[in-house]
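Please open the structure in your viewer and keep the selection panel at hand. The tour below goes from one selection to the next and says what is found at each stop.

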Protein chains: 2
Amino acid sequence: MHPIDHNRLMLLEHDEHTRRLEQIRAGMTASETSALLIADNANKYYITGRVFAGYVYISLEGPVIFFVRRPVKLEGDGVVYIRKPEDIVETLGLNVPSSIGLELDVIPYSTATRLKKLFPESDMTNASVIMRQARAVKTCREIDLIRESGLKHVRVYNRIPHLYQSGMTDLELQVEIERVSRLEGCLGQFRICGDSMELYMGNVLVGDNADSPSPYDFAMGGEGLDPSLPVGANGSEIRPGNTIMVDMNGNYNGYMTDMTRVYALGKVQPIALEAHQCSIDIHRALCDMMIPGTPAKELYSKAEEIVKSRGLHQYFMGHCQHAGFIGHGVGIEINETPVIAPRSRDIIAEGNVIALEPKFVIPHTGAVGIENTYCVYSDRVECLTPAPEEISYLDF
Amino acid sequence: MHPIDHNRLMLLEHDEHTRRLEQIRAGMTASETSALLIADNANKYYITGRVFAGYVYISLEGPVIFFVRRPVKLEGDGVVYIRKPEDIVETLGLNVPSSIGLELDVIPYSTATRLKKLFPESDMTNASVIMRQARAVKTCREIDLIRESGLKHVRVYNRIPHLYQSGMTDLELQVEIERVSRLEGCLGQFRICGDSMELYMGNVLVGDNADSPSPYDFAMGGEGLDPSLPVGANGSEIRPGNTIMVDMNGNYNGYMTDMTRVYALGKVQPIALEAHQCSIDIHRALCDMMIPGTPAKELYSKAEEIVKSRGLHQYFMGHCQHAGFIGHGVGIEINETPVIAPRSRDIIAEGNVIALEPKFVIPHTGAVGIENTYCVYSDRVECLTPAPEEISYLDF
């Protein structure tokens, strides 16, 4: 952990803050947005390196203003304490932007409407699009943080074979992984953009529970323990012939890696081994293609082509229910840009950090396939979750 | 766990579903809303007993329609599969409501705008208000579920003195409580209405970390482990003279209790003991007043009066930073109606389930005070978190 100056609002280095602002302002210029009023925690964290209650006001040319409700006693250039959003108007005075960007894909309708009223003369644009694009291209500092999370994530996964005890359920194994993750420094919080996906600390899928369709937009399902949270482990005992797919939370510092590995109890069906190898082969093929300028949908097509050539299509990304993507950007949140899906319009760019997760569900065995998080450079990719990729066998 | 019919969308008993619909329709009538289109997971869970991707359409008189995107294969009266929200229009046909209620306090601006376009001729009302009021009055079934969570919650807390080991940090103790909670059946998910509060599995506050102001709207703060999630445990070692305030997740079945107890290592300052007793006394006094018809703000005033009479005001609900409420409704989410705050306009009603948390932060000692969850009946309250209330001393 870094020592934190509790009173200094801005926790980013000056150059880092400047670099991020430049990315944001490039998006503002492109969308003809003269100012942003940022309310979302993930975006405030991106801009300042901390979460606080309040708003960040970014104009194209003036200084950034941090309107703070809580915590008390934050200090620094541009810090203005407010009690309610309406207090913002007084500080801005006559500097009314011709268009104001609000995070329309994230903040509730009521909030957006209230904030828009502060700028009655201004056009409204969608800051969510601007922030998503800015955050899709990670800075060196962000990549360092994701790499750091990745190393801890790997360290936890390496311990999984030692956590398994004969007769365990999926949940009992998951709880031990949660514990080890937390002691390794995992913050627990699993940030997801939007309000319709929910997950607690990740997903351990054993045997046929991997084939339970889930309502959430994750790559894999699972029945869950209760219909109020229908995803993941359902209390199944781990039996010989089952695979155990582990896809657990990798948020160790505000930035996360996404990583999946497969463990097995005893021998599994040959087709499961083939499918697992197919996933590894897809990773190799896509890493070669994942260079700046490649359309994201071409990565999806390539994966599909490999899967079809091996006759594994019916098991790909689910069996009873299929997920519609094989990869996604990751950083502060688990579902960032670009999206690797058939109709994605995203183009791979230098600085993207992308989790690839070509997976399969094999009836009577379970889920197989791996997930790694990669950083895209101009001429290569770096795997930020470097760990053995083959199925790891548990003693029983 | 209950055996679940995986294919039946409706998991509530007929009478239970009917009762909840009646509460919702009473609110629709009062706000002149002819139909609701419900998108929020917590509200869909309230109406059906499960979470799914899609929408629930409730008109004042017609049958309820469940528009489902995922999971596959749900069945039952009124189930209609859709690919996108625009498909709803075809099913509704000419039955256009004169006003449509959308969850404007919860769903993103973009979502609300897209859904409103399906009803170009209809007025728009705020379904969040309707759902909040309906959910504030719990049914017997809901109270049973909360009571069940409460008993498990209590069982976990009773084990805390056995989990402590000499030299532990706040985080290390919290991780062991998390593990025991999970093995007891805690689902982990901590549902909070709105998008600005974040918390992972609850809060363990030791010593002066209790006095670290947090940006979130929780009763107590804590620095947290990282500025990306500035709340709760910060890695402090538990030292003699410290109090340990435990306020952990009580969601065992989709409904949760909220409960806080205090542990201490060795002797603590007399003023901390006085403040703790003051909290217990406030609970007793407010339980006597918490009858249907009492304005919530009178409960707050009473608590404040007791605190002032004991000269403890500067420590009440925080020291460096003060929280603005001493209690809140709880159920599917942690921040339900009514709110026990100075300017609350809520009136206590039969069926309310309310967490009261009059707490204090004593410099150099830590946080003291208890939190219980109560159910309000016509003539009495029931404590749903029955456990010893005095400070529990840890061996060292």
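What covers the buried residues of α2(B)? Before selecting anything, bear in mind that this is a predicted model. The cover of these buried residues includes α1 (14-30), β1 (35-38), β2 (53-59), β3 (65-70), α5 (127-136) and α6 (140-163), which belong to chain B.

**First stop: helix α2 of chain B**

Select α2(B) itself, and you will have a helix that is mostly covered, since eight of its eight residues are buried. The residues to label are B:N41, B:A42, B:N43, B:K44, B:Y45, B:Y46, B:I47 and B:T48. Just after the helix comes B:G49, whose phi is positive, near 80°.

Now narrow the selection to B:N43, which lies in helix α2 of chain B. Is B:N43 buried or exposed? Its relative accessible area is 3%, and because the cut-off for buried is under 20%, B:N43 counts as buried. If neighbours within four places in sequence are left aside, the residues in contact with B:N43 are B:I38, B:E103, B:M131 and B:R135.

**Second stop: where the two chains meet**

Show chain A together with chain B, and select the residues on either side of the contact, 63 from chain B and 63 from chain A. Between them the two chains bury about 5500 Å², of which 56% is on carbon and sulfur atoms. On the side of chain B, the residues to highlight are B:Y109, B:R182 and B:Y200, which lose the most area to chain A and together make up 14% of what that side buries.

Keep B:R182 selected and add A:E178, for the side chains of this pair meet in a salt bridge, with a distance of 2.7 Å from N to O. Across the interface of chain B and chain A there are eight salt bridges, and the count of residue pairs in polar contact between the two chains, both residues at pLDDT 80 or more, is 27.

Which elements of chain B supply at least two residues each to the side that touches chain A? Colour α2 (41-48), α4 (109-116), β6 (123-126) and α7 (170-184) of chain B, and you will have them in view. The largest share of that side, nine residues, comes from α7(B). Colouring the side of chain B that touches chain A by residue class divides it into 31 nonpolar, 15 polar and 17 charged residues.

To see how the chains are related, superpose chain B on chain A, which takes a rotation of 180° with 0.0 Å of shift along its axis and gives an RMSD of 0.0 Å. That is the relation of a two-fold axis. Of the interface residues of chain B, 100% are also interface residues in chain A, so the copies meet through the same surface.

**Last stop: a loop residue of chain B**

Finally, move to B:H322, which lies in the loop between α9 (296-309) and β10 (327-329) of chain B. With a relative accessibility of 43%, B:H322 counts as partly exposed. Leaving aside neighbours within four places in sequence, B:H322 is in contact with B:H313, B:Q314, B:F316 and B:M317.

Draw two distances from the side chain of B:H322: one to the backbone oxygen of B:F316, at 2.8 Å, and one to the backbone oxygen of B:H319, at 3.2 Å. Then add B:P213 to the selection, which is 109 residues from B:H322 in sequence and 8.5 Å from B:H322 in space, C-alpha to C-alpha.

Key:
Residues are numbered from 1 along each chain as its sequence is written. Chains are lettered from A and ligands numbered from 1 in the order in which they are written. This is a predicted model: local features need pLDDT of at least 70, side-chain atom pairs count only at pLDDT 80 or more; totals for chains, interfaces and linings use all residues. Side-chain values use heavy atoms; hydrogens and water are left out. Contact means heavy atoms within 4.5 Å. Buried area is the accessible area (1.4 Å probe) that two parts lose on being put together, summed over both. A salt bridge is a side-chain nitrogen of Lys or Arg within 4 Å of a carboxyl oxygen of Asp or Glu. A polar contact is a pair of N or O atoms within 3.5 Å; within protein, one must be able to donate a hydrogen and the other to accept it, and residues adjacent in sequence count only if both atoms are side-chain atoms. Helices (H or I, at least four residues) and strands (E, at least two) are DSSP runs, numbered from the N terminus. Ala, Val, Leu, Ile, Met, Phe, Trp, Tyr, Cys and Pro count as nonpolar, Asp, Glu, Lys and Arg as charged, and the others, Gly among them, as polar. Copies are superposed by least squares on the C-alpha atoms of residues with pLDDT of at least 70 in both. Buried means under 20% relative accessible area, exposed over 50%, partly exposed in between (1.4 Å probe, protein chains only).
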